[in-house]
Amino acid sequence: MTEPQIPLLTPINLLTGFLGSGKTTLLARLLADPALSDAAVLINEFGEVGLDHHLVERIDDTMVLLQSGCLCCTVRGELADAIKDLHSKRERGLVPPFRRIVVESTGLADPFPVLSTIKSDPVLRHHFRPGNVITTVDAVNGLGQLGTYVESNRQAAVADRLVVTKADLALPADVARLVEKLRNINPDAPLLMATDLSFAVAELVDENLGLRAAALQSTSGFYCEAPVQLATAEGSVHQSAVTSFVMTVERAIDWTAFGLWLTMLLNRHGEKVLRVKGILNIAGEERPVAIHGVQHLVRTPVHMERWPDEDRRSRIVFIVDGLDVELLKRSFEAFALDRSSVEDAAVPKRSLQERQSSS
């Protein structure tokens, strides 16, 4: 049997969720699933997950190999050091050639420092890249947590996959209200019910960006104008509220100007831009371009195959924490809109690929 090919940049998936939301239970399912048999998992403590019946071999005092082939490690000290240690052992053939890393965060953790670790460390960013963020939300207590704790909202906002747990223990009406709340915070992330018979662990790490971009065209994905008001346990409203809003742009967008605008925005306010995602009508491009970013991290833009209908307007969804929405809109209009069609329509435009390759 041939060994699995290690990708050029190994994806790092983040498993997050509030206290008691079912991360440990979901992690146990991940560890037992063949889809994750070529993964390394960084967890806080082995004992929390109950790995005794899965254990095959203890490699050292922080690392065990499971029957499924999954490699599990405890995080002691800095996350960056733990990932580098894994990478070093893989390069020297001391551990199986894992093809992804799954990091389980603590229940009160802000997910962004974990994500930014990859970008900020010069060694890591040459060998690893961010993968899907998976967030668990408790159907019994989730509504109260989302209404009280900023961390819970940020965990939901950053998710590429939302997993609702304990739905079998909650009233259907409460589950429906929770789903509505999650859709308000993060309107386009696939939402999965952990109790469904059709629930598939492999879907959590699947990164079909083209499919995700197409999903952004759905009506529900863009109806997120209502602000999300966060209340403290005492009932007062947080001054910095998580807000979802959409910008619908009639004119074509200048790709170079848009890139400069987004770079300046994230450099100045990246910690407050929980997510930016959208479909752009780029000047000189026939096909729509999908963008997707989390805080300071922006993924490579994806060319979609086609526009789904006759609507060629750009639509960009922002999920922000405490930013002035009107100021953000005005800065976008000042920087990013294409003016060449008005100033000089005869000048030929280079394609997005040509502009990317020359930059």
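This passage looks at one helix, the salt bridges and a surface patch in a predicted model.

Helix α7 is a good place to start. It spans residues 172-185, 14 residues in total, and reaches 20 Å from its first C-alpha to its last, close to the 20 Å expected at 1.5 Å a residue. Four of its residues, V175, L178, L182 and I185, are buried. Seen down the axis of α7, these buried residues fall within an arc of 85°, so they line one face of the helix. On the other side of α7, P172 and E180 are exposed.

Helix α7 also holds a salt bridge, formed by R177 and D174, whose closest N and O atoms are 2.1 Å apart. The two residues sit three positions apart, about one turn of the helix. R177 counts as partly exposed because its relative accessibility is 43%, and D174 is likewise partly exposed, at 24%. Elsewhere, salt bridges that share partners join E250, D311, R313 and R315 into one network.

In the whole structure, eight salt bridges are found. One of them pairs D38 with R99, with 3.5 Å between the closest N and O atoms. This pair links distant parts of the chain, 61 residues apart: D38 lies in the loop between α1 and β2, and R99 in the loop between α3 and β6. Within helix α3, D85 and K89 are four residues apart, so about one helical turn separates them. Their salt bridge brings the closest N and O atoms to 2.9 Å. Here D85 is partly exposed, at 30% relative accessibility, whereas K89 is buried, at 12%.

Finally, L260, M264 and F335 form a nonpolar surface patch with about 300 Å² of accessible area together. M264 belongs to helix α10.

Terms used
Residues numbered from 1 in each chain as written. Predicted model: local features only at pLDDT ≥ 70, side-chain atom pairs only at ≥ 80, totals over all residues. Heavy atoms only, no water. Expected span 1.5 Å × (residues − 1). Buried < 20%, exposed > 50% of the residue type's maximum accessible area, 1.4 Å probe, protein only. Arc of directions from axis to C-beta. Patch = residues over 30% accessible without salt bridge, like charges linked within 9 Å, V, L, I, M, F, W, Y side chains within 5 Å. Areas by Shrake-Rupley, 256 points an atom, 1.4 Å probe, with all protein chains shown as cover. Salt bridge = Lys/Arg side-chain N within 4 Å of Asp/Glu carboxyl O.
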